[in-house]
Each structure stands twice: as structure tokens, then as C-alpha cells.
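Me: I have a model open and want a quick walk through it. Can we start with how far to trust it?

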Amino acid sequence: MNLLNFVSQYPDESSCRAKFKEYRDKQGVICPHCRCTEHYWKQDKESYECKKCGKRQSLRANTVMHGSQLPFRYWFIAIHLLTSTKKSFSAAEMQRQLGHTYYEPIWSMLHKLRQIMGKRDEQYSLSGVIELDEGFFSTETDEDEKDKPLKRGRGSQKKSKVLVMAESQPLEGKTTKTGKPRQVGHLKMIVINDLRANTITPLVKENVSEASIIDSDDSTSYVKLKDIVKEHHPQVIPKTEIGKILPWVHIAISNAKRMLLDIYHDIKPEYLQNYLNEFCYKFNRRYFGENLFDRLMIASVSYKNQFRCKTR
Ligand SMILES: [Zn+2]
């Protein structure tokens, strides 16, 4: 959907509200009190009324818009803009585009959308041959860490650690100068507090199917991976070879870093996961084209109110 189509399809608040209701009806409304799925629509109250217990919920209740005062059209515009570019929008840029007075609600809206992108991707496990490595992303230093002397490199307070996994299927019968070409599938990026095997192993178990084969370096963080997947191939990887042996995780890490640098300054560590959710969500749906708007709308109406962002 290009901008002209979007504007003609959603010219005003009532067209967006009607479309949002259409999405909700299609996905099914559930009563939070008795789990009943049959409701009357009360036009005068703009609410659903449970056929069994009579409790009402508003059109926004139990969706990504739960508790939001922003117009439906803001949400539609935000979803359109986020899904129509490979890059992203900062809250400040979105605020300018919408001409809204306050920064905070726009910031919160974008983070809620990024959270549901993450929730959506959590439902899927990676499978096949998987590249696995850690990435180190620059983030703002926490207040209580500021007075401590800065550590350098991997342990630096300014770097957040991220576990990165990418499906990377070797293509049979084809070789290039860089070795075996691989075809990338889905991608996951998970912010972690430390690099201990006890942290990493359960996360991999949660996100990767048992029949997988994992390629990684020979870090002690990965010593237990052989117990949870079909095969684990740890290897000593010289720094210069890393792009050949684990090509897709490294392309993904550098693209994600570039996207973050372009748009955001001083990301707080606690919000890094949300930005990575957006990056992975779009990467994993890179062939969806125009359907991406529709998919994110479905996710937006389907998720309950799990999104009360911590205010800064
Ligand atoms: Zn009910």
C-alpha cells in the first residue's frame, strides 16, 4: 500500500475505527471476565457487551491500543509507516510527522508496536542449520554505572550483549570464492545480561527446534548446546574468517547496528530489545510486501494488554 492508497483508504478517524472493528471482529473478541466469545456491539457506547455475563469492553480494550488516548488514525499511520520501510522511525520523527504536541504518547505507541512484533516472533522456533553468535550493541550507560571506571571491549558498560541466531541453509552443489553459499531464513536477536552457558543454553532451547544443527565459535558459553540440539559444530574462528563461517549473523548484526545508528542516539539498554524486535520482525517478513500492514494490524488487535510500557 503506497501513501496515496493509504490516504484514500483511511481518510479520517471514522474509517480507521471502522476498519479496526472489522479486524477485531474477524480475529474474535474474548470476554476477559468469563472467556465468552459472543458479544453484542453497542453502537451508542462504542463497546462490545458479553452475551453471557453482560460486561462491556471498549473497542480498544485488550488490544495494543488498550488505555491509549491517541486517535485510531495515529495508530494506523504509525503501522503504515513502520511496515512500509526497511528502516524505522524515531518517536521524534513520528511526532513531527503527526504534528502531535507531546512526545511521550508517541514514544509509547511505537514501543507497544515493537513489543507485539516481538510477541509475534516468539511463537516461532528456528530450525535447520543455524548460525549462532553474540553481538555487542552500544547503549546508554545506566545512572548507577556512570561513576564506575569504563571497562573496555566485551565487558564494557556501554555495550549490551545480544544473542543472535539465524537459519542459514547451505545450498547444495554451489560453491563460491567465499566458500559454501548459504541461504538465510529467519532471524532472532535476544538481549542477554551475561554470556554464561547457564544463560544462553535455556534461551537457545526455547527458540530453536531440537532437530537443528548449530554452527558457532568455540566459546565456553556454548558448551552445553550439544545436549539440546541434534548437532553442534563449535569451531575456532579467526577474526578475519568470521564473515565466511557465520556470514548471516554478521550481516544481520551490522545491518541492525546501522539501522539503530541512523535513527536513534543513546538507546537505553532496557529498550534495545524492542528495537531489535522491529528489525527481526521486518527481516523475517521481508517477502511479505504490502501484506505486512495487514499482519501487524492482526497482531495489534489480537494481543491483550501486556504492553504497559515503563515510563522513563
Ligand atoms: Zn463475559
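**Confidence, helices and a strand**

Reply: Start with residues 307-312: pLDDT (the predictor's confidence in each residue, from 0 to 100) stays under 50 there. The model has 20 contacts (heavy atoms within 4.5 Å) beyond four places in sequence for residues 307-312. Where pLDDT is low, the predicted coordinates should not be read in detail.

Me: What is the mean pLDDT of the protein chain?

Reply: The mean is 89, and 90% of residues reach 70 or more. This is a predicted model: local features need pLDDT of at least 70, side-chain atom pairs count only at pLDDT 80 or more, and totals for chains, interfaces and linings use all residues. Residues are numbered from 1 along each chain as its sequence is written, and side-chain values use heavy atoms, leaving out hydrogens and water.

Me: Helices next. At what angle do α4 and α5 pack?

Reply: About 115°, with axes 9 Å apart, for α4 (residues 91-98) and α5 (residues 104-122).

Me: Which residues of α4 and α5 make the contact?

Reply: Ala-91, Met-94, Gln-95 and Leu-98 come from α4, and Ile-106, Trp-107, Met-109 and Leu-110 from α5. By class, that contact has 7 nonpolar, 1 polar and no charged residues.

Me: New topic. How many residues of strand β4 are buried?

Reply: 9 of the 10 in β4 (residues 129-138) are buried (under 20% relative accessible area, 1.4 Å probe, protein chains only), so the rest of the structure largely encloses this strand.

Me: In what sense do β4 and β5 pair?

Reply: Antiparallel, over 9 bridges, with β5 at residues 159-170. Glu-131 stands opposite Ala-166 in β5.

Me: And β4 with β7?

Reply: Parallel, over 3 bridges. Val-129 has Ile-213 of β7 as its bridge partner.

Definitions and conventions
Axes are lines fitted to C-alpha atoms, for helices over the stretch in contact, and angles run from 0 to 180 degrees between N-to-C directions. Helices (H or I, at least four residues) and strands (E, at least two) are DSSP runs, numbered from the N terminus. Ala, Val, Leu, Ile, Met, Phe, Trp, Tyr, Cys and Pro count as nonpolar, Asp, Glu, Lys and Arg as charged, and the others, Gly among them, as polar. Buried means under 20% relative accessible area, exposed over 50%, partly exposed in between (1.4 Å probe, protein chains only). Two strands pair if DSSP finds at least two bridges between them.
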